[in-house]
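Please open the structure in your viewer and keep the sequence beside it, so that each selection can be followed in both places. The tour below goes from strands to side chains, one stop at a time.

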Amino acid sequence: VQLQPSGGGLVQPGGSLRLSCQASGRIFKINDMGWYRQAPGKWRELVAVSSSNGSTKYRDSVKGRFTVSRDNAKNAVYLQMDSLKPEDTAVYYCNADIVRIGVRSAYNYWGQGTQVTVSS
């Protein structure tokens, strides 16, 4: 199983970016799927997660600005980031709990990071 992210880049404060992440491989089911981020010198932190039942969770600092969504048919998760601030600058990581075909339990997978830089 692999998670392939895309969509990072440089944006000015107040701008928008959309991150995408697609899972591939022998996937039976994806439970939680979402995004974490890690800024230099800081711990990795949860940004937003979408559960298989459609519920979502956000860290307080991004509520009202970021929107997580998923396309279960494509095994994909997205993060629409609006009103970006310099403090949103970080490497963003896709994360998912995936049950593989023929395996009973879900395992946690990480995608490679994608850099988001918010600067004027």
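In what order do the four strands of the open sheet lie, and how do they pair? Before you look, bear in mind that this is a predicted model.

**First stop: the open sheet**

Select the strands β1, β3, β8 and β7, and you will have the open sheet of four strands, which lie in the order β1-β3-β8-β7 with antiparallel pairing. At the edges you will find β1, residues 2–6, and β7, residues 66–71, each of which pairs on one side only. If you turn the view to look across the strands, you can follow a twist that averages 15 degrees from one strand to the next.

Now keep β7 in view and add strand β8, residues 76–81, with which β7 pairs in the antiparallel sense over six bridges. To see how residues face one another across this pair, select Val68 and then Leu79 in β8, which stands opposite Val68. While side chains are shown, it is worth recalling that in a regular strand they alternate between the two faces of the sheet.

**Second stop: two hairpins**

Next, select β4, residues 27–38, together with β5, residues 45–50. These two strands run antiparallel and are joined by five bridges, and Gly34 can be picked out standing opposite Val49 in β5. The two strands form a hairpin with six residues between them, and in the turn you can select Gly41, which has a positive phi of about 75 degrees.

Staying with β5, add β6, residues 56–58, which runs antiparallel to β5 and is joined to it by three bridges. Here Ser50 stands opposite Thr56 in β6. These strands also form a hairpin, this one with five residues between them, and Gly54 in its turn has a positive phi of about 100 degrees.

**Third stop: the salt bridges**

The structure holds five salt bridges, and for this stop you should show the side chains of Arg37, Glu45, Arg59, Arg65 and Asp88, which are linked in a network of salt bridges.

Begin with Arg37 and Asp88, which form a salt bridge whose closest N and O atoms are 3.0 Å apart. Why does this pair tie together separate parts of the chain? Arg37 lies in strand β4 and Asp88 in the loop between β8 and β9, so the salt bridge connects parts that are 51 residues apart in sequence. Are these two residues buried or exposed? Buried means under 20% relative accessible area; Arg37, at 5% relative accessibility, therefore counts as buried, and Asp88, at 1%, counts as buried too.

Keep Asp88 selected and move to Arg65, which also forms a salt bridge with Asp88, with the closest N and O atoms 2.7 Å apart. Because Arg65 lies in the loop between β6 and β7 and Asp88 in the loop between β8 and β9, this pair ties together parts that are 23 residues apart in sequence. Arg65 is buried, as is Asp88.

Finally, select Arg59 and Glu45, which form a salt bridge with the closest N and O atoms 3.4 Å apart. Arg59 lies in the loop between β6 and β7 and Glu45 in strand β5, so this pair ties together parts that are 14 residues apart in sequence. Arg59, at 26% relative accessibility, counts as partly exposed, and Glu45 is partly exposed with a relative accessible area of 25%.

Key: Residues are numbered from 1 along each chain as its sequence is written. This is a predicted model: local features need pLDDT of at least 70, side-chain atom pairs count only at pLDDT 80 or more; totals for chains, interfaces and linings use all residues. Side-chain values use heavy atoms; hydrogens and water are left out. Two strands pair if DSSP finds at least two bridges between them. Axes are lines fitted to C-alpha atoms, for helices over the stretch in contact, and angles run from 0 to 180 degrees between N-to-C directions. A salt bridge is a side-chain nitrogen of Lys or Arg within 4 Å of a carboxyl oxygen of Asp or Glu. Buried means under 20% relative accessible area, exposed over 50%, partly exposed in between (1.4 Å probe, protein chains only).
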